[in-house]
Amino acid sequence: MGKLHINLLGTSFTVQASEDDTYLDQLLGYYERIIEDVSKVASVKTPLQKSILAGIMLCDELYKTKTNLASVQSGQKIPLENNYDNIEMEQRAQKMIDSINKVL
């Protein structure tokens, strides 16, 4: 059992998890890289926007991985159009950011 000390996006807290400290640190490092990438988008300004967009990007990554794995396991070929999903996802994410900006 490990503890993860999070100091990110203006907030700080500690959580306890069933994974070991090394894994938790790697996981947090990966999330921090996603946040850093999101921060490069000029229209994403607030910590809430950054965390929401990072979550969407991670969900997209997980969904594509699971879909591709299921396709491979069932013997299907992965269609080439999956390569274009990132562009579409970025466009959707930008629309969500614009909607968040209107509300805030």
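In which helix is aspartate 25 found? Aspartate 25 sits in helix α1, which covers residues 21–39. Keep in mind as you look around that this is a predicted model.

**A negative patch**

Aspartate 25 has company on the surface: together with Glu19, Asp20 and Asp21 it forms a negative surface patch. At 49% relative accessibility, aspartate 25 counts as partly exposed, because the exposed class begins over 50%.

**Salt bridges**

Now let's turn to charges that pair up. The count of salt bridges comes to 2. Here they are side by side:

| Salt bridge | N to O distance | Relative accessible areas |
|---|---|---|
| aspartate 37 and lysine 40 | 3.9 Å | aspartate 37: 41%; lysine 40: 62% |
| lysine 64 and aspartate 60 | 3.3 Å | lysine 64: 16%; aspartate 60: 13% |

Take the pair of aspartate 37 and lysine 40, whose side chains meet at 3.9 Å. Aspartate 37 is partly exposed, with a relative accessible area of 41%. Its partner lysine 40 reaches 62% and therefore counts as exposed, since that class means over 50%.

The other pair joins lysine 64 to aspartate 60, with 3.3 Å from N to O. Both residues belong to helix α2, where they are 4 residues apart, about one turn of the helix. Are these two partners buried or exposed? Lysine 64 is buried at 16%, and aspartate 60 is buried as well at 13%. Both get that label because their values are under 20%.

**A polar contact from helix α2**

Helix α2 spans residues 47–73 and also holds glutamate 61. Which side chain does glutamate 61 meet in a polar contact? The partner is tyrosine 30, and the contact between the two side chains is 2.6 Å. Glutamate 61 is partly exposed, with a relative accessible area of 37%.

**A loop residue with a positive phi**

Finally, have a look at leucine 9. You can find leucine 9 in the loop between strands β1 (2–8) and β2 (11–17). Its phi is near 55°, a positive value in a residue that is not glycine. Why point this out? Most residues other than glycine have a negative phi. Leucine 9 is also partly exposed, because its relative accessible area of 25% lies between the 20% and 50% limits.

How values were computed. Residues are numbered from 1 along each chain as its sequence is written. This is a predicted model: local features need pLDDT of at least 70, side-chain atom pairs count only at pLDDT 80 or more; totals for chains, interfaces and linings use all residues. Side-chain values use heavy atoms; hydrogens and water are left out. Helices (H or I, at least four residues) and strands (E, at least two) are DSSP runs, numbered from the N terminus. Buried means under 20% relative accessible area, exposed over 50%, partly exposed in between (1.4 Å probe, protein chains only). A polar contact is a pair of N or O atoms within 3.5 Å; within protein, one must be able to donate a hydrogen and the other to accept it, and residues adjacent in sequence count only if both atoms are side-chain atoms. A salt bridge is a side-chain nitrogen of Lys or Arg within 4 Å of a carboxyl oxygen of Asp or Glu. Patches are made of residues with over 30% relative accessible area and no salt bridge: like charges are joined within 9 Å, nonpolar side chains (Val, Leu, Ile, Met, Phe, Trp, Tyr) within 5 Å. Accessible areas come from the Shrake-Rupley method with a 1.4 Å probe; for residues, only the protein chains shown count as cover. Lys and Arg count as positive and Asp and Glu as negative; His and the chain ends are not counted. The place of a charge is taken as NZ of Lys, CZ of Arg, CG of Asp or CD of Glu.
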